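Q: Please take a close look at the surroundings of the ligand, and then follow the chain outward from there.
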Amino acid sequence: MEFKDVLAREHATRKFTDQRVSEKTVRKVIEEAQRTPSLLNSQPWRIYVAEGEVAKAIRKEHEEKTLANEEPHEEFDSLLKVEWDTFPSKNMATMSETLDYFLRGETDDFDQAQLKLFNAPVIVFLTIPKQSPAWSIFDLGGFSQTLMLAANNRGLSTMPAHAFVKYPEVIRKYLNIPEDETIGIGIGLGYPNKKATINDYKSKRVPLDEILKIKKNL
Ligand SMILES: Cc1cc2nc3c(=O)[nH]c(=O)nc-3n(C[C@H](O)[C@H](O)[C@H](O)COP(=O)(O)O)c2cc1C
């Protein structure tokens, strides 16, 4: 696929079909993501993939805990406690407003998507060692992005989500993740449910000149 087409494909898919993804494709995507650069080639990431019955069990326990109002306790900073600067805060508010507008008040679609973990048939969990500098979080972000581009290039759709890692003990229970690793993020892979309105929402970006400054004259 041409790079511009891969890039155009990439967006959050909040409802997947039940169609399974072949293990061969998953392995290829992860192998391609391994091309990601990292500080001194430290490659701090580890990848744990839940699919089939395991993905289903994780989705079910996530739903039960959410419905029981269990407070999320993700292993990176808790989103409930993060203090954001004005610029990202403004962008998040814009996203929330445009999404509400797009859904015409049917925010239930968005909430249901979180509750059901997007019905993702494959969930890729990414970890780094507990003892990691901020550089490794940077590297993990790079790995995630290469993974998503590789997946889109192979005709899959992707969903990076904090929602996947709200209840780490569930993930640890099914995937035997060592205690000395921090679960950073989960990425759903699969095929989009074309009937789901939520999948038609396309986010915008701030104008280029709001984030870019190029200086050449002294
Ligand atoms: C680290 C990270 C965590 C995210 N967590 C969630 C989430 O829990 N639920 C959700 O619906 N979207 C989540 N998203 C998706 C973002 O909302 C989405 O990427 C952003 O709004 C831009 O939209 P686009 O990816 O469709 O272009 C997450 C994205 C990232 C990168």
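A: In this predicted model, strand E3 gives the most to the shell around the ligand, contributing 3 residues. The ligand itself sits in the largest pocket, and the elements that give two or more residues to its shell are helix H5, which covers 108-115, and strand E3, which covers 157-161. In total, 15 residues surround the ligand, and the closest are Ala12, Arg14, Gln114, Ser203 and Arg205. Sorted by class, this shell has 9 nonpolar, 4 polar and 2 charged residues.

Several side chains place an N or O atom beside an oxygen atom of the ligand. For arginine 14, the distance between such a side-chain atom and a ligand oxygen is 2.7 Å. For serine 203, a side-chain N or O atom is 2.8 Å from an oxygen atom of the ligand, and for arginine 205 the corresponding distance is 2.8 Å as well. Taken on its own, the ligand has 620 Å² of accessible area, and the protein covers 68% of that area.

Helix H5, one of the elements that give two or more residues to the shell, also leads on to another part of the chain. Lysine 116 forms a salt bridge with glutamate 63, in which the closest N and O atoms are 3.0 Å apart. Lysine 116 lies in the loop between H5 and strand E2 (122-129), whereas glutamate 63 belongs to helix H3 (residues 52-67), and the pair therefore ties together parts of the protein that are 53 residues apart in sequence. The structure holds 10 salt bridges.

The loop between H5 and E2 also contains asparagine 119, whose phi is positive, at about 55°, although this residue is not a glycine. Most residues other than glycine have a negative phi. Asparagine 41 is a further residue other than glycine with a positive phi, in this case near 55°, and asparagine 41 is found in the loop between helix H2, residues 23-33, and strand E1, residues 46-51.

How values were computed
Residues are numbered from 1 along each chain as its sequence is written. This is a predicted model: local features need pLDDT of at least 70, side-chain atom pairs count only at pLDDT 80 or more; totals for chains, interfaces and linings use all residues. Side-chain values use heavy atoms; hydrogens and water are left out. A residue is near a molecule or strand if one of its heavy atoms lies within 4 Å of it. A polar contact is a pair of N or O atoms within 3.5 Å; within protein, one must be able to donate a hydrogen and the other to accept it, and residues adjacent in sequence count only if both atoms are side-chain atoms. Accessible areas come from the Shrake-Rupley method with a 1.4 Å probe; for residues, only the protein chains shown count as cover. On a 1 Å grid over the protein atoms alone, a cavity is a set of points where a 1.4 Å probe fits but cannot get out, and a pocket is an open set with protein on both sides within 12 Å along at least five of seven lines; lining residues have an atom within 4 Å of a point. A molecule sits in a cavity or pocket if more than half of its atoms lie within 2 Å of its grid points. Helices (H or I, at least four residues) and strands (E, at least two) are DSSP runs, numbered from the N terminus. Ala, Val, Leu, Ile, Met, Phe, Trp, Tyr, Cys and Pro count as nonpolar, Asp, Glu, Lys and Arg as charged, and the others, Gly among them, as polar. A salt bridge is a side-chain nitrogen of Lys or Arg within 4 Å of a carboxyl oxygen of Asp or Glu.
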